[in-house]
Amino acid sequence: MKKDLLKLLDLSREDIINILNVGDQMKYNQKHGLPHNYLQGKTLAMIFEKNSTRTRVSFETGMFQLGGHALFLSGKESQIGRGEPIADTARVLSRYCDGIMIRTFGQDEVEELAEYADIPVINGLTDFAHPCQVLADLMTIREHKSRLEGLKLCFIGDGNNMANSLIVGGLKCGMDVSVACPEGYDPDEKVLEFAKTVTDAKFQLCRTPQEAAQGADVVVTDVWASMGQEEEKAIREKAFAGFQVNAALMALTNPGCMVQHCLPAHREEEITAEVFEAHAQEIFDEAENRLHAQKAVMYLLMGKDQK
């Protein structure tokens, strides 16, 4: 695994599976009360230019359980939010801390931070990618299905950071991936170009949810208007009409099909309350696995054997 986790495009299949395996062990240790303070005395700087519940709590809790300490830096309170060059922030934090997690808008900001930092940088979310969430998704799917390879993963909704990372993560793990987006809301072109290079799994970009959901083993959805897109809410509601995960759509999937949602969920918009509650166990397993997958990432990047 490389020094940083910036996007799943940077990882090999072996890297991803290793993270999932370590995540499983982290979960076992935590559930059985086994000591795993592998990051004792280490500090993670957490920069939040986008707010979050799950990202902050899971990283902060994860660092505590690993024996380390997490520092919360909001965009408004840190100098990076007042115009300090990213390169300078990276070099300063490298003198104080052992790792940086950043949740922000532009992928270029994360890439620049990693370029100038001497310590690992973890992408907690950008508009382009959400690698930690998708690692948790893959971990949850493997828990419930006992495998990833050969399954069909279907995403319904906006071709956003979740779609981008699910396509890459799913295909790299040998899953067939179908994505249903309205015209004008496609995944990033770099991701679509990557999908063309994959030979041992199939990718399909569809214009109807019904086509994408046929024979799916896992259905994933996300809100229609992500953080920072609130002003587009009315436009997006119109564009995504008919792109709801509901009972009729689930009837097209394989028996035992899972549902995943990165949360928060807007019931009766992208997903009905009926489907959400029927699959709540899987969805909240997914939310919990953010903790375990991210502990694996932090350990692999910041552990005692890393330099």
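Leu 125 sits in strand S4, which spans residues 121–125. The model is predicted, and this briefing goes through some of its local features. Among them are a buried glutamate without a salt bridge, a cis peptide bond before Pro 264 and a total of 20 salt bridges.

**Backbone angles and a cis bond**

- The phi angle of Leu 125 is near 160°, which is a positive value in a residue other than glycine.
- Leu 125 counts as buried because its relative accessibility is 8%, and the limit for buried is under 20%.
- Ser 146 also has a positive phi, near 65°, and is likewise a residue other than glycine.
- Ser 146 belongs to the loop that runs between helix H5 (131–145) and strand S5 (152–156).
- With a relative accessible area of 65%, Ser 146 is exposed, since exposed means over 50%.
- The peptide bond that leads from Leu 263 to Pro 264 is cis, and its omega is near 0°.
- Pro 264 is placed in the loop between S9 and H11.

**A parallel strand pair**

- Strand S6, residues 176–180, pairs with strand S7, residues 203–206, in the parallel sense, and four bridges link the two.
- Between S6 and S7 the chain passes through helix H7 (residues 189–197), and this β-α-β crossover is right-handed.
- Ser 178 stands opposite Gln 204 of S7.

**Surroundings of Glu 270**

- Glu 270 is in the loop that joins strand S9 (258–261) to helix H11 (273–278).
- Which side chain of opposite charge is nearest to Glu 270? That side chain is Arg 267, at 7.8 Å, and Glu 270 has no salt bridge although it is buried.
- The 7.8 Å to Arg 267 can be set against the cut-off for a salt bridge, which is within 4 Å.
- The side chain of Glu 270 has a polar contact of 2.7 Å with the side chain of His 261.
- The backbone nitrogen of His 266 is reached by the side chain of Glu 270 at 2.8 Å.
- Residues up to four places away in sequence aside, Glu 270 touches several others, including Thr 221, Asp 222, Trp 224, Phe 243 and Pro 264.

**Two buried helix residues**

- Thr 55 lies in helix H2, which covers residues 54–65.
- Thr 55 has 1% relative accessibility and therefore counts as buried.
- Apart from neighbours within four places in sequence, Thr 55 contacts Phe 48, Met 101, Arg 103, Gly 124 and Arg 290.
- Ala 87 is part of helix H3, residues 86–96.
- Ala 87 counts as buried because its relative accessibility is 8%.
- Once neighbours within four places in sequence are set aside, Ala 87 is in contact with Glu 112 and Tyr 116.
- From C-alpha to C-alpha, Ala 87 and Ala 114 are 8.8 Å apart in space, while in sequence they are 27 residues apart.

**Salt bridges**

- How many salt bridges does a search of the whole structure find? The search finds 20.
- One of them joins Glu 143 to Lys 27, with 2.8 Å between the closest N and O atoms.
- Glu 143 is in helix H5 and Lys 27 is in helix H1 (residues 13–31), so this pair ties together parts that are 116 residues apart in sequence.
- Glu 143 is partly exposed, at 32% relative accessibility, whereas Lys 27 is buried, at 12%.
- Asp 88 and Arg 91 form a salt bridge of 2.9 Å, N to O.
- Both Asp 88 and Arg 91 lie in helix H3, where three residues, about one turn of the helix, separate them.
- Asp 88 counts as partly exposed at 29% relative accessibility, and Arg 91 is partly exposed with a relative accessible area of 43%.
- Glu 277 and Arg 267 also form a salt bridge, and their closest N and O atoms are 3.4 Å apart.
- Glu 277 lies in helix H11 and Arg 267 in the loop between S9 and H11, so the pair ties together parts that are ten residues apart in sequence.
- Glu 277 is partly exposed with a relative accessible area of 48%, and Arg 267 is partly exposed with 39%.
- Lys 7, Asp 10 and Glu 111 are joined into one network by salt bridges that share partners.

Definitions and conventions:
Residues are numbered from 1 along each chain as its sequence is written. This is a predicted model: local features need pLDDT of at least 70, side-chain atom pairs count only at pLDDT 80 or more; totals for chains, interfaces and linings use all residues. Side-chain values use heavy atoms; hydrogens and water are left out. Two strands pair if DSSP finds at least two bridges between them. A crossover is right-handed if, with the strands pointing away from the viewer, the path from the first strand over the helix to the second runs clockwise. Buried means under 20% relative accessible area, exposed over 50%, partly exposed in between (1.4 Å probe, protein chains only). Lys and Arg count as positive and Asp and Glu as negative; His and the chain ends are not counted. A polar contact is a pair of N or O atoms within 3.5 Å; within protein, one must be able to donate a hydrogen and the other to accept it, and residues adjacent in sequence count only if both atoms are side-chain atoms. Contact means heavy atoms within 4.5 Å.
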